[in-house]
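Visitor: I've got a model open on my screen and I'd like to go over one part of it slowly with you. Can you take me there and then show me how it fits with the rest?

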Amino acid sequence: MLVIRIVVAAFLIAIGALGILGNFAVVFTISINKRFRFMRYLFLASLAVSDFVIAALVVPFHVASKMFEELEFSTAQCKMITFLTRALYCSTTLHLIAVSYDRYLAIVKSPLTYNQRITKAKILLLVALVWILPFATAAVPWFAIWEDNFPFSARLYHCDICHGWDVQSRDQLTRSVFYSVAAFVVPLLVLAWLNFRVFKAASLVEQEIITQQVQVSHSTQPQQNRCRENKAAKDVAVVLGVYLLCYLPAWTVILCRQVFPLNSVPVSVSFITNALLLSKSAWNPVIYCIRKREFRRAFKMALRCKRVRAGNDE
């Protein structure tokens with residue numbers, strides 16, 4: 001168990017560092033480059049802020065609890081960790097849906113009128129909603145008809161936010177199923193539908209372009225269009241694949257603890273699935289920004305500009 005705790009703590013430290021650096025790079029590049037000041041990249045900047053907070057505030061709590069066996073959080077600390085984890089998880093999920101919906105609007109629903117329909121006021125309103133709704137939702141269990149407990153679990157080495165690690169009951173099972181469907185299954189279905197609609201529309205456009213070019217000439221352009229189509233398919237696979245990789249194991253463990261006998265799921269599995277869930281904060285800037293060539297160019301250019309300004313000031 002000690003070896004697993006050390007390995008998971010080291011993984012979380014790496015995730016925290018990468019999450020802070022990667023998300024800072026995203027916010028820095030988008031804020032300094034006017035070319036990225038449109039809806040999609042504003043959502044990505046907002047997503048980067050959410051992931052930055054996870055990496056800077058939530059991850060360190062998990063690292064500390066894994067590294068120091070004697071460390072025990074108070075009820076107030078556990079409530080705050082639980083609140084931040086739930087709110088930022090929900091915020092990240094809503095941001096991912098917002099980014100996919102923006103692509104859906106621009107490519108599928110209204111490609112011709114997209115720029116006219118998306119105003120600055122609408123963008124600011126949507127960004128405000130994807131921040132306000134998660135924090136309001138995360139606070140609901142504290143005031144609802146049921147009362148969530150936020151104890152520190154000595155077996156888990158962190159606050160028990162998995163809705164009863166050592167407790168099995170019909171209420172706990174119902175609550176776990178509800179949370180799993182609302183926070184994982186529904187967002188996954190929405191993301192899948194939006195991304196596949198975008199991919200389908202992009203594929204149809206590419207096929208039309210290929211057909212027209214083949215009729216005009218036997219150039220190498222159709223092959224280039226197929227490459228772009230393959231890239232669109234790869235984008236869909238990466239977005240959904242990483243979402244499943246990071247979130248599915250954690251939600252599966254939560255449900256298994258309520259369905260199967262106690263102690264049938266090792267605590268070490270919870271360590272690993274929790275770490276995977278938190279790693280999403282480091283994956284998002286890579287998926288949506290850093291792996292894009294235009295973004296990397298803009299980031300390098302922004303760094304050069306900063307260096308030139310710093311040199312001139314000296």
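In which helix is the place of phenylalanine 83?

Guide: Phenylalanine 83 has its place in helix α3. Bear in mind as we go that this is a predicted model.

Let's stay with that residue for a moment. Phenylalanine 83 counts as buried because its relative accessibility is 15%, and the cut-off for buried is under 20%. Its C-alpha lies 9.9 Å from the C-alpha of proline 134, and the two residues are 51 apart in sequence.

Now slide along to serine 100, which also has its place in helix α3. Serine 100 has a relative accessible area of 3%, so this residue is buried as well. Setting aside the neighbours within four places in sequence, serine 100 is in contact with Leu191, Leu194 and Asn195.

Helix α3 also has a part in the internal space. Using the 30 Å³ threshold, the count is 3 cavities of that volume or more. The largest cavity holds about 100 Å³ of space. Its lining includes Asp51, Ile54 and Val58, then Thr85, Leu88, Tyr89 and Thr92, with Tyr247, Leu277, Leu278, Lys280 and Ser281 making up the rest of the list. Sorted by element, two or more lining residues come from each of α2 (39-67), α3 (75-109), α8 (267-278) and α9 (280-290). Helix α3 gives the most to that lining, with 4 residues. If you're wondering why one would look for such spaces with a probe: rolling one the size of a water molecule over the atoms shows where empty space is left.

From there, let's move to helix α6, which spans residues 170-216 and holds leucine 189. Leucine 189 has 54% relative accessibility, so this residue counts as exposed, the cut-off being over 50%. Leucine 189 has company on the surface: together with Val177, Val181, Val185, Val186 and Val190, this leucine forms a nonpolar patch with about 430 Å² of accessible area.

Aspartate 171 has its place in α6 too. With a relative accessible area of 57%, aspartate 171 is exposed. Its partner for a distance check is glutamine 258: the pair is 87 residues apart in sequence and 10.0 Å apart in space, C-alpha to C-alpha.

Helix α7, residues 221-259, is where you'll find alanine 237. Alanine 237 is partly exposed because its relative accessible area is 49%, which falls between the 20% and 50% cut-offs. Click on phenylalanine 196 next: the C-alpha atoms of alanine 237 and phenylalanine 196 are separated by 9.7 Å, with their positions 41 residues apart along the chain.

One more stop, this time in helix α1 (residues 2-32), the place of valine 27. Valine 27 has a relative accessible area of 28%, so this residue is partly exposed. Leaving out neighbours within four places in sequence, valine 27 is in contact with Ala45, Ala48 and Val49. Leucine 47 is 20 residues away from valine 27 in sequence, and their C-alpha atoms are 9.2 Å apart.

Now zoom out to the whole protein chain. The chain has 10 helices and 2 strands, and along the sequence the order reads α-α-α-α-α-β-β-α-α-α-α-α. Of its 314 residues, 46% count as buried, a group that takes in phenylalanine 83 and serine 100. Among contacts with a separation of 6 or more, 81% link residues 24 or more positions apart. As for the outside, the accessible surface of the chain comes to about 17,000 Å², and 68% of that area belongs to carbon and sulfur atoms.

Note on methods. Residues numbered from 1 in each chain as written. Predicted model: local features only at pLDDT ≥ 70, side-chain atom pairs only at ≥ 80, totals over all residues. Heavy atoms only, no water. Patch = residues over 30% accessible without salt bridge, like charges linked within 9 Å, V, L, I, M, F, W, Y side chains within 5 Å. Areas by Shrake-Rupley, 256 points an atom, 1.4 Å probe, with all protein chains shown as cover. Salt bridge = Lys/Arg side-chain N within 4 Å of Asp/Glu carboxyl O. Buried < 20%, exposed > 50% of the residue type's maximum accessible area, 1.4 Å probe, protein only. Contact = heavy atoms within 4.5 Å. 1 Å grid on protein atoms, 1.4 Å probe; cavity = no way out; pocket = protein on both sides within 12 Å on 5 of 7 lines; lining within 4 Å. Points joined across faces, edges and corners; volume = space filled by probe spheres on them.
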